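User: Please take a close look at the surroundings of the ligand in this model. I should like a connected account of what encloses the ligand and which contacts hold polar atoms together.

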Amino acid sequence: MTPDVRDGARRAGRSSHVDRRPADCGAVPEAAWDRALRLIGQADEVALACHVTPDGDALGSMLAVGFVLRSMGKRVVASFGDRHFAVPRLLRFLPGQEMLVPPADFPAAPELMITFDASTFERLGLLRDNTARAREVIVLDHHPSNEGFGTLSLIDAKAAATAMLAEQLLYRLGGRLDRDIATCLYAGLVTDTGSFRYSSTTPAVHQMAARLVATGLHTDEIARELWDRSPFGYLKVLASALERVMLEDGLVWTYVTRIDRAAYGLPYAELEGIIDIVRRTDEAEVAVVLKEDDQGDWQVSTRSKGTVDVAAVCAALGGGGHHNAAGYTSHDTVEEAMAAFTRELRKVRRRSGGAS
Ligand code: 5GP
Ligand code: MN
């Protein structure tokens, strides 16, 4: 990022009227926060984990809390359980990456662990065994489907992002919101609200954004890193995905193969934005993009405009997520995967009274 100290100082200077205290919506009982503070207070080392193939909310929330714990004098390790451990290119601008260790170097039986944005135990990937052996596991999340696989749940299904819970934890720990922490939290907030476009964008979301921007962070540069840049090969791969796009019965869908990507050396993580183009289709209520990963499995991204609960569809296929944004992994062919998806979609539509 190009440092523009004056710009940062000007923004920070204007911030004197911004309330530093995050609003607490009360979804997490006070006793749970108290217990979290006690567990953290007692620990010398805290092991942090977010879900596999992390997005801005997972990694941003984890690194933000990592900064605060470090400032409290704790030893911090942070990781995610991908077989091919690499921070997605989109998220390499986030500060705090020196806290990250590959899953093999993660403590085998952590004294205290905190998980971020992971809705299920499975989403921890290679870190599942470490989690199972941890003495205490605090689950910080905002997925409605999360039933709490840890020893303490800090879950708010109404929060637009896990970053909102991370900010709350940070505040309660007495941490100071600086620009690095704000950058991490902001990445989470904008990722999960689609840049303040989704219905999850409440006044509390904008109030949090105000607190973050007041630290002098560069919202323009964060937006460019996250959404407005890609290697040339992305355009070519996008072109093949759009070439094959299908519209059937209110469902718009396409796929991207490993071979498409190999021709341009395009990493899997670069495909994240394709669903946002496909889902704009007026004639479709549901959008699906199947992305073949480096192992040859299909990572299926699904989106709904509101009438269909795609989390329910994905849950039936072994995945999960949110009402309007969910996903799962398929080991089938594209044809088989789409046949299974449309079958489950039909069931969910029927259950919700044939809406859409
Ligand atoms: P995306 O399409 O952006 O990869 O995922 C959208 C949302 O679906 C994510 O925020 C996450 O909550 C959920 N999701 C994606 N893949 C999976 C999966 O394999 N399992 C579960 N439980 N949720 C997923
Ligand atoms: Mn999230």
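Analyst: The domain bounds used here come from an automatic or database domain assignment. In this predicted model, the shell around ligand 1 draws at least three residues from each of two domains, domain 1 (3-226) and domain 2 (232-351).

The shell comprises 13 residues, of which His143, Ser301, Arg303, Gly320 and Ala326 are the closest to ligand 1. By character, three of the shell residues are nonpolar, eight are polar and two are charged; Gly is counted among the polar residues in this division.

Polar contacts involve both side chains and backbone. In the side chain of Ser301, an N or O atom is 2.7 Å from an oxygen atom of ligand 1. The side chain of Arg303 likewise places an N or O atom 2.9 Å from an oxygen atom of the ligand. At Gly327, a polar backbone atom is 3.3 Å from an oxygen atom of ligand 1. As to enclosure, ligand 1 taken alone exposes 500 Å², and the protein buries 80% of that area.

Three elements give two or more residues to the shell around ligand 1: β9 (298-304), β10 (320-321) and β11 (325-330). Among the contributors to this shell, β11 provides the largest share, with four residues. Ser301 and Arg303, described above for their side-chain contacts with ligand 1, fall within the bounds of β9 (298-304). Gly327, whose backbone supplies the 3.3 Å contact, falls within those of β11 (325-330).

Notes: Residues are numbered from 1 along each chain as its sequence is written. Chains are lettered from A and ligands numbered from 1 in the order in which they are written. This is a predicted model: local features need pLDDT of at least 70, side-chain atom pairs count only at pLDDT 80 or more; totals for chains, interfaces and linings use all residues. Side-chain values use heavy atoms; hydrogens and water are left out. A residue is near a molecule or strand if one of its heavy atoms lies within 4 Å of it. A polar contact is a pair of N or O atoms within 3.5 Å; within protein, one must be able to donate a hydrogen and the other to accept it, and residues adjacent in sequence count only if both atoms are side-chain atoms. Accessible areas come from the Shrake-Rupley method with a 1.4 Å probe; for residues, only the protein chains shown count as cover.
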